[in-house]
Amino acid sequence: MRQTLAQTSLALETAHYRGTGGVSENNRSLGFQPAFIDRETETVHLSRFPDGRPAPCHLLDGLPAELVLARNEQGRVMRVKASVVSGFVRDGHFYTRDEAATMLASASEFDQSRSPDASLRKAA
């Protein structure tokens with residue numbers, strides 16, 4: 001059984017993907033928006049602040065009530081359904097963190113292989 005997504009697991013995911021395309025700060029400039037997908041319904045939800053504004057990173061607080069399992073005393077979302085997965089939306093397509101990280105790593109390797117410096121290194 002899949003573990004539910006919680007504030008702490010979201011922080012651990014971010015730490016795990018730090019330095020890769022699996023975090024917002026590294027893929028935002030390429031058009032990726034932080035989002036969540038409910039694998040039960042395949043519904044994608046952009047990450048939002050509680051007031052509905054788009055969030056620049058993954059926040060559980062803006063998810064619809066039907067996905068929320070637990071809130072703290074202040075009303076902040078602490079845990080959501082196990083079917084909810086964090087990732088990104090780009091050009092209408094949902095990417096998991098792993099897919100985004102892989103996609104950007106491949107693009108980076110391609111870009112580096114095309115640079116003049118890379119050609120010089122290969123020739124040396």
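1. Two strands count as paired when DSSP finds at least two bridges between them, and that definition underlies the first hairpin of this predicted model. Strand 1 and strand 2 form a hairpin with four residues between the strands, and in this hairpin Glu42 takes a positive phi near 60°. Four bridges join strand 1 to strand 2 (residues 43–46), and the two run antiparallel; within this pairing, the bridge partner of Ile37 is Val44 in strand 2.

2. As for the overall layout, the chain has four helices and six strands, which follow one another along the sequence in the pattern α-α-β-β-β-β-β-β-α-α. Of the 124 residues in the chain, 36% are buried, while the chain exposes about 7,600 Å², of which carbon and sulfur atoms supply 53%. Among the contacts with a separation of 6 or more, 54% are accounted for by residues 24 or more positions apart.

3. Strand 1 (residues 33–38) deserves separate attention, because five of its six residues are buried and the strand is therefore largely enclosed by the rest of the structure. Besides its pairing with strand 2, which rests on four bridges, strand 1 is joined by six bridges to strand 5, and these two strands also run antiparallel. In that second pairing, Gln33 stands opposite Val89 in strand 5.

4. A further hairpin is formed by strand 3 and strand 4, with five residues between them, and Gly75 in its turn has a positive phi of about 90°. Three bridges join strand 3 (residues 68–71) to strand 4 (residues 77–80), and the strands run antiparallel, with Val68 standing opposite Val80 in strand 4.

5. Ser83 is placed in the loop between strand 4 and strand 5 (84–90). Is this residue, at 12% relative accessibility, buried or exposed? Ser83 counts as buried because its 12% lies under the 20% cut-off for relative accessible area. The side chains of Ser83 and Asp38 are joined by a polar contact of 2.6 Å, and, leaving aside residues up to four places away in sequence, Ser83 touches Ile37, Asp38, Arg39 and Glu40.

6. The structure holds two aromatic pairs. The ring centres of Phe32 and Phe88 are 6.2 Å apart and their planes stand at 90°, so this pair is edge-to-face. Because Phe32 lies in the loop between helix 2 (24–27) and strand 1, and Phe88 in strand 5, the pair ties together parts that are 56 residues apart in sequence. In the other pair, the rings of Phe32 and Tyr95 have their centres 5.6 Å apart and their planes at 65°, so this one is edge-to-face as well. Tyr95 belongs to strand 6 (residues 93–96), and its pairing with Phe32 therefore ties together parts that are 63 residues apart in sequence.

7. Phe32, Phe88 and Tyr95 form one aromatic cluster. Phe32 and Phe88 are both buried, Phe32 with a relative accessible area of 3%, and Tyr95 counts as buried at 16% relative accessibility.

8. In helix 1 (residues 7–17), Ser9, Leu10 and Tyr17 are buried. Seen down the axis of helix 1, its buried residues fall within an arc of 105°, so they line one face of the helix. The face turned away from this buried side carries the exposed residues Thr8 and Leu12. Helix 1 is followed by Gly19, which has a positive phi, near 85°.

Technical notes:
Residues numbered from 1 in each chain as written. Predicted model: local features only at pLDDT ≥ 70, side-chain atom pairs only at ≥ 80, totals over all residues. Heavy atoms only, no water. Buried < 20%, exposed > 50% of the residue type's maximum accessible area, 1.4 Å probe, protein only. Contact = heavy atoms within 4.5 Å. Areas by Shrake-Rupley, 256 points an atom, 1.4 Å probe, with all protein chains shown as cover. Polar contact = N/O pair within 3.5 Å; in protein donor to acceptor, adjacent residues only side chain to side chain. Arc of directions from axis to C-beta. Phe/Tyr/Trp six-rings, centres within 6.5 Å; stacked < 30°, edge-to-face > 60°.
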